[in-house]
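Let's take a walk through a protein together, going from the whole chain down to single residues. Keep the picture beside you and turn it as you read.

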Amino acid sequence: MRRGTIFVLLFILVAGGIVGASYFLRSQPPLEITIAVDPLAREWVQQAVNSLNEPVVNATRRVKFTILTVDDLDVWQQGQTQNWTATNHPDAWLAASSLSTQYAQQNGLPLVDVQPSLARTVLVWGGYASRVAVVTANGANPLDWESVVAAAEAELWSNLGGEADWRFVKLAFAQPSRKIGGLAVLLSGAGTFNQSTAFASNILNSGAFRNWLLPIVQSVPNFTTLGSDPAATMARGTSTVEIGIFPEAQWLLNLNGMLNNEPVQLSYPAYQFTLNFPMLRWQDTTTTDDQRAAVELLGNTLASAAQQAKLVEYGLRPVSGEPEEATAPLFAAGIPYGIQLIPNYGQMVEIPSRTDAQGLIQWVASNQ
């Protein structure tokens, strides 16, 4: 009897301790972790954060993740207003490209790697079928830089054999001074012009390359009008944009809107730039173990098989493997128009120096 009573008392004490600890844990304010995320990955990261539902790290600390939408170029580009300091910065950054994280580190930001890549999306050319037929001579030539540059040089569709009432050739890509997708387009063009994946110091600022690119830049009606998602603007119809080059994810998310106007045709460029979505953590003398653990937890969650499988719902590709038609409706819907589950990725261009990239961005801004 006495031994049984002792066991019962011990059970009550242990249970009470567990309940008390649980109550104490719930009553404490959560550790707030802010993660800056490029807009292309924001919705995916948000649903992953929602699934975590304030997890606990180091056994005692609840965590609340807050997502801050930040374009890559706002972090590293000279003259931008997004200035992270020792007293004003996110705890982690999911950038769209390793180019951006490399440039940010060169600028002195104390960022350390958490995950080298968490998603992928590549560049895709596309346009309304009636215009693409003219540009490619009814498919005799690929829809790529050479054919689009020739169309831009012609200026008017009538000069290419198109309808006179189509008037000017209207091209689109994201504004390079604001969007990493826009800078990626310029680097794809540079690779094509130079037939090289590497950029020596004289390539991006050469007069020959810039003269070749100029008709493309001047065929963009207005970067401000195109807005933050030029693929969505293109979905308004041919009166706004007829041919563009955007990240694949943006094509997939806006394809239905475009098809309401007329069919489109999509094509992967021969010189490619992949957005690979690395994740980094802020690390300085004030960073705590709980902060490190929380960021690592989120990075591991995003890298998990469950979250990698969800990427296709947002038009993004997983880090390894490719989408499957049966489980990736957005990709499957794009197949009739040129989306490929396993595309020929062509040649991947390398990251140029930050100075050369900045110079090219400024040149585009001054000539648009």
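The paragraphs below begin with the overall build, then visit the core, one helix, the charged pairs and a few single residues.

First, a word on what you are looking at. This is a predicted model, in which local features need pLDDT of at least 70 and side-chain atom pairs count only at pLDDT 80 or more, while totals for chains, interfaces and linings use all residues. Residues are numbered from 1 along each chain as its sequence is written, and side-chain values use heavy atoms, with hydrogens and water left out.

Let's start with the whole protein. The C-alpha atoms fill a box of roughly 100 × 45 × 30 Å, taken along the principal axes. Within the protein there are 15 helices and 13 strands; these are DSSP runs numbered from the N terminus, with helices being H or I of at least four residues and strands being E of at least two. Of the 368 residues, 51% count as buried. Buried means under 20% relative accessible area, exposed means over 50%, and partly exposed is in between (1.4 Å probe, protein chains only). The protein exposes about 16,500 Å², and carbon and sulfur atoms supply 52% of that area. Such areas come from the Shrake-Rupley method with a 1.4 Å probe, and for residues only the protein chains shown count as cover.

How does the chain meet itself? Among contacts between residues at least 6 apart in sequence, 75% join residues at least 24 apart. Here a contact means heavy atoms within 4.5 Å.

Now look inside. The largest nonpolar core has 112 residues, and L94 and M279 touch the most other members. Helix α7 (residues 180-194) gives this core its largest share, 7 residues. A nonpolar core is a set of buried Ala, Val, Leu, Ile, Met, Phe, Trp, Tyr and Cys residues joined through side-chain atoms within 4.5 Å.

Next, find helix α6, residues 145-154. Why is this helix largely enclosed by the rest of the structure? The reason is that 7 of its 10 residues are buried. They are W145, S147, V148, V149, A151, A152 and A154. The cover over these buried residues includes β6, α5 (129-135), β7 (171-172), α7, α8 (207-218) and β8 (243-247). Just after α6 comes E155, which has a positive phi near 70°.

Let's turn to charge. Side chains of opposite charge can pair when their charged atoms come close. A salt bridge is a side-chain nitrogen of Lys or Arg within 4 Å of a carboxyl oxygen of Asp or Glu. How many salt bridges does a search of the whole structure find? It finds 10. In one of them, E54 pairs with R62, and the closest N and O atoms are 2.5 Å apart. E54 is partly exposed at 34% relative accessible area, whereas R62 counts as buried at 16%. Another salt bridge joins the side chains of K310 and E313, at 3.8 Å from N to O. K310 is partly exposed at 32%, and E313 is partly exposed too, at 46%.

A third pair, E322 and R120, meets at 3.3 Å from N to O. E322 sits in the loop between α13 (305-310) and α14 (329-334), and R120 in the loop between β5 (111-115) and β6 (121-128), so this pair ties together parts that are 202 residues apart in sequence. E322 is partly exposed, at 23%, while R120 is buried, at 15%. Both belong to a network of salt bridges that links R120, E248, R317 and E322.

Finally, visit three single residues. A137, in the loop between α5 and α6, is not a glycine yet has a positive phi, near 55°. A137 is partly exposed, at 41% relative accessible area. F277 is not a glycine either, and its phi is positive at about 50°. Look for F277 in the loop between β11 (274-275) and β12 (279-282); is it buried or exposed? F277 counts as buried, at 0% relative accessibility. The last stop is R354 in helix α15 (residues 354-366), a partly exposed residue at 28%. Leaving aside neighbours within four places in sequence, R354 is in contact with Y103, Q106 and N107.
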